[in-house]
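Good morning, and thank you for coming. Please look at the sequence and the structure as they appear, and keep both in view while I speak.

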Amino acid sequence: MNSKQKGKRGELEWASYCRGQGYDCRRTAQYCGNTGDASDVVGLPGIHQEVKRVERLDLEAAMAQAKHDAPPWEYPIVAHRRSRCEWLVTMRAEDWFSLYREWEAGRERT
């Protein structure tokens with residue numbers, strides 16, 4: 001299987017996982033230039049999704065790609081997994097703290 005087909009399979013798998021979590025996500029057509037969105041998957045507002053379904057991931061390069069392709073108003077993430085492993089999401093610490101502060105500010109205190 002060539003790398004484009006493997007990438008497509010991973011993107012479809014991630015989009016399906018997101019739908020299972022209740023989000024209407026789909027793979028973009030960016031791989032053939034049909035959209036202006038460089039995300040691999042869309043449907044999480046404010047999140048630029050770079051998807052990698054590989055056994056050996058250069059995480060720094062994947063994050064650099066996500067940061068480069070993300071517009072300034074979106075948080076870049078890398079959704080990734082290896083065979084027989086769970087999906088992981090990697091993001092910059094500063095972005096994680098921004099999201100965490102928003103969550104913390106909105107939760108009820110007990």
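Let me begin with a definition: a residue is called buried when its relative accessible area is under 20%, exposed when that area is over 50%, and partly exposed in between. With a relative accessible area of 41%, Phe97 is therefore partly exposed. Please note as well that this is a predicted model.

I turn now to the aromatic residues. A pair of aromatic rings is described by the distance of the centres and the angle of the planes. In this model there are five aromatic pairs. In one of them, the ring centres of Trp14 and Tyr17 are 5.6 Å apart and the planes meet at 15 degrees, so this pair is stacked. How far apart are Trp14 and Tyr17 in helix α1? The two are three residues apart, which separates them by about one helical turn. In general, an α-helix has 3.6 residues a turn, so residues three or four places apart point the same way. As to exposure, Trp14 is buried, at a relative accessible area of 5%, whereas Tyr17 is partly exposed, at 39%.

Phe97, with which I began, forms an aromatic pair with Trp96. Here the centres are 4.9 Å apart and the planes stand at 85 degrees, an edge-to-face arrangement. Trp96 is partly exposed, with a relative accessibility of 42%. Ring pairs also join Trp96 and Phe97 with Tyr100 and Trp103 in a cluster.

The next topic is a pocket. Rolling a probe the size of a water molecule over the atoms shows where empty space is left. The second largest pocket of this model has a volume of about 230 Å³. Trp14 and Tyr17, the stacked pair, both belong to its lining. Other residues of that lining include Cys18, Gln21, Tyr23, Leu44, Pro45 and Ile47, and Ile77, Trp87, Leu88 and Val89 are also among them. Which element supplies the largest share of this lining? That element is α1, with three residues. Both α1, which spans residues 3-20, and β5 contribute at least two residues each. By class, eleven of the lining residues are nonpolar and one is polar, while none is charged.

Let us move to helix α2, which covers residues 59-69. Its buried residues are Ala62, Met63 and Ala66. Why may we say that they line one face of the helix? Seen down the axis of α2, these buried residues fall within an arc of 95 degrees, so they line one face. On the face turned away from that buried side, α2 carries the exposed residues Glu60 and His68. The buried residues of α2 pack against three strands: β3 (47-52), β4 (75-80) and β5 (88-91).

One residue of β3 deserves a closer look, namely His48. Is His48 buried or exposed? His48 is buried, with a relative accessible area of 1%. Leaving out residues up to four places away in sequence, His48 touches Ala66, Asp69, Ala70 and Pro71, among others. Its further contacts include Ala38 and Ser39, as well as Glu74, Tyr75, Pro76 and Ile77.

A second buried residue is Val41, at 0% relative accessibility. Val41 is found in strand β2. Apart from neighbours within four places in sequence, Val41 is in contact with residues including Glu11, Trp14, Ala15, Gln49 and Val51. Val41 and Arg56 are 15 residues apart in sequence, and their C-alpha atoms are 21 Å apart in space.

I close with residues in loops. Gly43 lies in the loop between β2 (41-42) and β3, and counts as partly exposed at 32% relative accessibility. Not counting residues up to four places away in sequence, Gly43 touches Tyr23, Asp24, Cys25 and Gln49. Gly22 is located in the loop between α1 and β1 (26-27), and at 64% relative accessibility Gly22 counts as exposed.

Finally, consider Arg84, in the loop between β4 and β5. Most residues other than glycine have a negative phi. What is the phi of Arg84? Arg84 has a positive phi of about 60 degrees, although it is not a glycine. Arg84 is also exposed, with a relative accessible area of 80%.

Technical notes:
Residues are numbered from 1 along each chain as its sequence is written. This is a predicted model: local features need pLDDT of at least 70, side-chain atom pairs count only at pLDDT 80 or more; totals for chains, interfaces and linings use all residues. Side-chain values use heavy atoms; hydrogens and water are left out. Buried means under 20% relative accessible area, exposed over 50%, partly exposed in between (1.4 Å probe, protein chains only). Helices (H or I, at least four residues) and strands (E, at least two) are DSSP runs, numbered from the N terminus. The arc is that of the directions from the helix axis to the C-beta atoms. Contact means heavy atoms within 4.5 Å. On a 1 Å grid over the protein atoms alone, a cavity is a set of points where a 1.4 Å probe fits but cannot get out, and a pocket is an open set with protein on both sides within 12 Å along at least five of seven lines; lining residues have an atom within 4 Å of a point. Grid points are joined across faces, edges and corners, and a volume is the space filled by probe spheres set on the points. Ala, Val, Leu, Ile, Met, Phe, Trp, Tyr, Cys and Pro count as nonpolar, Asp, Glu, Lys and Arg as charged, and the others, Gly among them, as polar. Rings of Phe, Tyr and Trp (its six-membered ring) pair if their centres lie within 6.5 Å; planes under 30 degrees apart count as stacked, over 60 as edge-to-face and the rest as tilted.
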